[in-house]
Amino acid sequence: MIPSLLPTYARAPLAFERGEGSWLETTDGRRFLDLSSGIAVNALGHAHPALVAALTEQAGKLWHVSNLYEIPAQKALADRLVAATFADTAFFTNSGTEALELAVKMVRKYWYEKGDPERIEIVAFTGSFHGRSTAAIAAAGSEKMVKGFGPLMPGFTHIEFGDHEALRAAVTDRTAAVLIEPVQGEGGIRPVPDPCLKGLRDLCDETGALLVFDEVQCGMGRTGRLFAHEWAGIAPDIMMVAKGIGGGFPLGAVLASEAAAEGMTLGTHGSTYGGNPLGCAVGAKVMEIIDDPDFLAEVRRKAASLHQRLEGLVAVHPDVFEEVRGLGFMLGLKCRAPNTEVVKAGYDQHVLTVPAADNVVRLLPALTISDDDITEAIERLDAAASAVKGTGA
Ligand SMILES: Cc1ncc(COP(=O)(O)O)c(C=O)c1O
């Protein structure tokens, strides 16, 4: 008999009741060190006092009004995002998937308005992840995600991640856009090197293709800059944001340059909940805290410390781990043992990590994690690795 919850997730037998900072507590009182942050969502940890205050204050005033009316908090958050980034305009969504949907629509409408409606091909990459809607699975294109869900939305070409020649051949003056995660998350924490991102920007400029960055996982301070592409010193035309921007409240956004957003005129897009007062009250507070040079410098300092200590862990457990990779607090332990065994052994040590493709264990701690909790994390991961070694996995 099918369970009351559609069985699409293999859930760990853990039910959490409350959280504080980098710690979660189960319904039966066990405490876990959270290095997963709801897969890069709880950027400021659990129950951050400033976010709790922002949410409860707004909840006491107004939960929801339609986008038929002005929402001052939404406008304020858009102004802040525009001021902090390449973008001239923002549209708020409830998730990363919805951001992908709008990004694809925006690209198509851009070429339609330019009198070239056949120019719809978006070049994307193997190992990428953009969500689970029909457009998002077509954009990622992996067998695992699309099998059984055809016919797929047309208009996506997939290039092997890192294959520059194939990329140069694929991006022509018929290409509508290139869609890429500056750091692949689900694909196994694979950063796109800065020179490659720069080269991609040049290629898009040469051909006229729009450059779309998916910063749903790697954005909002995760890599130690507000957005990951800042490391490369270039900017996209369109960017998807979600996860961290709501700190745990469902919120996403598409940011775009004025030129890229040209086709999105009155009535061309909408959302019931996107940018509602609750989400924007929290999002504004998250931005206020993260978009601060001192905060981001602290993220970089602590992330460098974690990275270095993970290198030490790899050296101590060469039969379990192969390497550390990633940027800032978006880190991956490439495993020799099965990554799922490492994650499970972590549960026994009360530390939460996330498996990713390419046999990687992802570490996505709260950006606010303390130095003491980083030390604790290394100790627990060390014990987990020893246990995995002990089983000969
Ligand atoms: C890079 C990236 N894009 C898009 C998504 C989809 O976001 P959501 O699950 O909020 O729809 C995710 C989610 O993991 C993601 O990591």
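The following paragraphs describe a sheet in a predicted model, the helices packed on it, and one annotated lysine.

The sheet is open and has 7 strands, in the order 4-12-11-10-7-5-6, with mixed pairing. Strand 4 (89-93) and strand 6 (156-159) stand at its edges; each has a single partner strand, so one side of each is left without a neighbour in the sheet. On average, neighbouring strands of this sheet are turned by 20° against each other, direction ignored.

Strands of a sheet pair through backbone hydrogen bonds, either parallel or antiparallel. Strand 11 (residues 238-241) and strand 12 (residues 252-256) run antiparallel and are joined by 4 bridges. Within this pair, methionine 240 stands opposite valine 254 in strand 12.

Helices pack on the sheet as well. Helix 3 (residues 72-84) touches strand 4 and strand 12, and the direction of helix 3 makes about 130° with that of strand 4. Helix 8 (residues 194-207) touches strand 7 (175-180) and strand 10 (210-214). The direction of helix 8 makes about 145° with that of strand 10.

The loop between strand 11 and strand 12 holds lysine 243. An unreviewed UniProt entry annotates Lys243 as "modified residue: N6-(pyridoxal phosphate)lysine". Is lysine 243 buried or exposed? Lysine 243 has a relative accessible area of 22% and is therefore partly exposed, since buried means under 20% and exposed over 50%. Leaving aside neighbours within four places in sequence, lysine 243 is in contact with Ile39, Ala40, Val41, Val216, Gln217 and Leu251.

How values were computed
Residues numbered from 1 in each chain as written. Predicted model: local features only at pLDDT ≥ 70, side-chain atom pairs only at ≥ 80, totals over all residues. Heavy atoms only, no water. Pairing = 2+ DSSP bridges. Helix = DSSP H or I, 4+ residues; strand = E, 2+ residues; numbered from the N terminus. Axes fitted to C-alpha atoms, helices over the stretch in contact; angles between N-to-C directions. Contact = heavy atoms within 4.5 Å. UniProt positions renumbered as here; feature names shortened; annotations may be inferred. Buried < 20%, exposed > 50% of the residue type's maximum accessible area, 1.4 Å probe, protein only.
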